[in-house]
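Student: I should like a close look at one part of this structure, followed outward to the elements around it. Please take a single residue as the point of departure and give a connected account.

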Amino acid sequence: MKQIHLGVFEVNAVNHLTQGIWVHPEHRRVNFTSIDYWIEIAKLLERGKFDFMFFADTYGYPKNSKELAFREGNGGANDPMLLVPALAQATEHLAFTVTTSTTYEAPVANARRFTTLDHVTKGRIGYNIVTTSNPTAADLFGKEEFIPHDERYDRADEFLEISYKLWEGCWQDDAIVLDRANRIFADPDKVHYLDHQGKYFRVKGFHSAPPSPQRTPVLFQAGSSERGRAFAARHAEGVFLKAPSTEILREQVADIRRRAASYGRDPYGIKVFTGLSVVTAPTREEAQRKYEEYMSYQSREAALNAYATITGIDLTKLDPDSYFENISTERGQTHTDRYTKYSKTKKKVREVIDDFLKKGFRGLTVVGSPTEVADQIQAWVEETDVDGFNLEPYVTPGSYVDFIELVVPILQERGLFKKEYAPGTFREKLFGQGRPRLPGHHPGSRYRNPDTLKSAVAEGSV
């Protein structure tokens, strides 16, 4: 029986997946600016033996809906990366996956931050690679043009090539000498010069940060589009998928594994996660009442505005009786594809609105008793071949407490989830002890050879 991995899907902001639920009296993420709140959450998750916290993040601002966005808590967020040192200090095993953008970050600065965090966490850091679908981010960074969807991934390929050169190639494993008597901190012959001349980036110099426990952080990618899955199959070690049905999810998981094999990678060298929303209580009736109470706090107005922000499609401006078809967007495509290419039937706009208000940006959802929840999780794993779930809370910490106290013991008893943490880095916890670094089948491993630090763009590597 497959033993699953569990993360939580978080943001360093007040609002998240169900727009408006921030006003619920038990939802304590209103304290997101307090490090004490986040430390409490991290300690709780470690008590529940969760593998990691997955922090989503994005650049952008509410361009056409300032009043609604700020009123409903969709207009402000802190940087999740800066939480990590404090959370790592408060825990021993819990890992942290943080989002940064290949479109708006500089690869050298980004690589140094992740190397530093890998040192600080003792090898418990992951990197969620995003290309940023919000065009208002271009305004914030002084860019005149918004890069089209597929080209953002082309740029991300080159961004990752530079990152691998920095993380894997600049410093040899034995470069650090620490010889005080002879005044040698590092052997200069074992620290190598990077010369990258590409289409999107030019980088010359050295990676200033000495190699960390994992060197390259555990790489995640979240996106279900055709180009996103191709990128994930090449680079990612963890893939976060969302699909409108378990049938589609199973097809997407199999597709990721096929694509990985075509790149010469081990298809099971990628852990595939999907979102999981759980409302549970001792009985199904209690859980259903709790779910309905949670949903009563949803803001219809804010939810549809959030859909427009992510996809670029304002459903309120479309004829509700027209069919939702011939939809094209250069922004996030996961939540348009679910109603078009992945839908078994043509849907009218009003059906799309009703479905989105019910499910929002959430993945799989189960409401029931602890045993019913565990049964459903086990069935989904067997049906789809996913490796784990990112738990998507309704209220915090309540959603986590319910899951840890009521569901986790059943999963553990069935052998579906670990009872104790294994030692080692984040990568070792996911893939096995003795494997702290990128495996040989991963394309990033080729940059351990110093000769590859010169630009490989001409060789077709990106």
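Tutor: The account below starts from one strand residue and then moves to the helices and loops elsewhere in the chain. The model is a predicted one, and every value quoted is to be read in that light.

The point of departure is leucine 391, which is placed in strand β13 (residues 388–391). Is this residue buried or exposed? Its relative accessible area is 4%, and because the cut-off for a buried residue is under 20%, leucine 391 counts as buried. Its contacts, with neighbours within four places in sequence left aside, are Gly7, Val8, Phe9, Phe50, Leu276, Val278, Tyr400 and Phe403. As for distances along the chain, leucine 391 and lysine 49 are 342 residues apart, yet their C-alpha atoms are separated by 13 Å.

Beyond β13 comes a loop that leads to α14, and proline 397 is found in that loop. The peptide bond between threonine 396 and proline 397 is cis, with omega about 0°. As a general matter, most peptide bonds are trans.

Helix α14 (residues 398–413) in turn packs with helix α1 (residues 35–47): their axes come within 10 Å and cross at roughly 15°. The two helices are therefore roughly parallel, since angles under 35 degrees are classed in that way. The crossing of α1 with α14 is left-handed. On the α1 side the contact is made by Ile41, Leu44, Leu45 and Arg47, and on the α14 side by Tyr400, Val401, Ile404 and Glu405. Tyr400 thus appears twice in this account, as it is also listed among the contacts of leucine 391.

Two of the contacts of leucine 391, Leu276 and Val278, carry the account to strand β11 (271–280), which is among the elements that cover the buried residues of helix α9. The others named there include α12 (349–359) and β12 (364–368). Helix α9 itself (residues 284–295) has 12 residues and reaches 16 Å from its first C-alpha to its last, close to the 16 Å expected at 1.5 Å a residue. Which residues of α9 are buried? They are Ala287, Tyr291, Tyr294 and Met295. These residues lie on the same side of α9, because they cover an arc of only 90° around the axis. The general background is that an α-helix has 3.6 residues a turn, so residues three or four places apart point the same way.

Helix α12 also links this region to helix α10 (residues 300–311), whose buried residues pack against α2 (66–71), α11 (334–337) and α12. The 12 residues of α10 should span 16 Å at 1.5 Å a residue, and the end C-alpha atoms are 17 Å apart, which agrees. Buried in α10 are Ala302, Ala303, Leu304, Asn305, Ala306, Tyr307, Ala308 and Thr311. Just after α10, glycine 312 takes a positive phi of about 80°.

Positive phi values also occur in residues other than glycine. Leucine 178, in strand β5 (residues 176–179), has phi near 55°. Arginine 183, in the loop between β5 and β6 (184–186), likewise has phi near 55°. Most residues other than glycine have a negative phi. Leucine 178 is exposed, with a relative accessible area of 58%, and arginine 183 counts as exposed at 77% relative accessibility.

Another loop residue offers the opposite case with regard to burial. Proline 217 lies in the loop between β8 (202–205) and β9 (218–222), and at 1% relative accessibility it counts as buried. Not counting residues up to four places away in sequence, proline 217 touches Phe114, Ile125, Gly126, Tyr127, Trp167, Glu237 and Arg427. The C-alpha atoms of proline 217 and valine 14 are 27 Å apart, with these positions 203 residues apart in sequence numbering.

The last element pair is helix α7 (residues 226–235) with helix α8 (residues 246–262), which pack at an angle of about 50° with their axes 8 Å apart. That angle makes α7 oblique to α8. The crossing of α7 and α8 is right-handed. Glu226, Arg229, Ala230, Ala232 and Ala233 of α7 meet Gln252, Asp255, Ile256, Arg259 and Ala260 of α8 in this contact.

Methods:
Residues numbered from 1 in each chain as written. Predicted model: local features only at pLDDT ≥ 70, side-chain atom pairs only at ≥ 80, totals over all residues. Heavy atoms only, no water. Helix = DSSP H or I, 4+ residues; strand = E, 2+ residues; numbered from the N terminus. Expected span 1.5 Å × (residues − 1). Buried < 20%, exposed > 50% of the residue type's maximum accessible area, 1.4 Å probe, protein only. Arc of directions from axis to C-beta. Contact = heavy atoms within 4.5 Å. Axes fitted to C-alpha atoms, helices over the stretch in contact; angles between N-to-C directions. Parallel < 35°, antiparallel > 145°, perpendicular 65-115°, else oblique. Left-handed = near helix turned anticlockwise from the far one by under 90°.
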